[in-house]
Amino acid sequence: LKDWKKIGDSFFSIIPNDKRSTYRYLSMQIDRSILTFIRAQVNVSIFFGLYYAICFWILSLKMGFLLGLMMGVFIFIPYVGFPIGCTIVTIISFLQF
């Protein structure tokens, strides 16, 4: 990341001068959109991780708080994380009872 400015400048040097400002603007917009998505996904993961941790703790699962936080980490991965986390928690809870 130290050379990020150099990398960006070398990338934009191959773009024609009349289009360079448009490409810079578009790349900044894309960067901002991706950053906003990641921030929102982190917030959702933290919220659901704490929610599941509290619910599992109330249900008195062994390591329920840890399992809830683990679910929060899995939820960060869209579409795949939730089923994986649910499968792991279900197996662990069945083994407990």
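This briefing looks at one helix and at two cysteines. The model is a predicted one, so please read everything below in that light. Helix α3 covers residues 64-75, and its buried residues pack against α2 and α4. As for cysteine pairing, a search of the whole structure turns up zero disulfides.

**Helix α3: length**

- Helix α3 has 12 residues, and at 1.5 Å a residue they should span 16 Å.
- The C-alpha atoms at the two ends of α3 lie 16 Å apart, which agrees with that expectation.

**Helix α3: its two sides**

- The buried residues of α3 are Gly64, Leu67, Gly68, Met71, Gly72 and Ile75.
- These buried residues cover an arc of only 150° around the axis, so they sit on the same side of α3.
- Leu66 and Val73 are exposed, and they are found on the other side of α3.
- The partners that the buried residues of α3 pack against are α2, residues 17-58, and α4, residues 81-96.

**Cysteines**

- A disulfide is a covalent bond between the sulfur atoms of two cysteines.
- The search of the whole structure finds zero disulfides, and Cys55 is in none, with the sulfur of Cys86 as its nearest cysteine sulfur at 12 Å.
- Seen from Cys86, the closest cysteine sulfur is in Cys55, and 12 Å is too far for a bond, because a disulfide needs the two sulfur atoms within 2.5 Å.
- Cys55 is partly exposed, at a relative accessible area of 27%.
- Cys86 is partly exposed, with a relative accessible area of 27%.

Technical notes:
Residues numbered from 1 in each chain as written. Predicted model: local features only at pLDDT ≥ 70, side-chain atom pairs only at ≥ 80, totals over all residues. Heavy atoms only, no water. Helix = DSSP H or I, 4+ residues; strand = E, 2+ residues; numbered from the N terminus. Expected span 1.5 Å × (residues − 1). Buried < 20%, exposed > 50% of the residue type's maximum accessible area, 1.4 Å probe, protein only. Arc of directions from axis to C-beta. Contact = heavy atoms within 4.5 Å.
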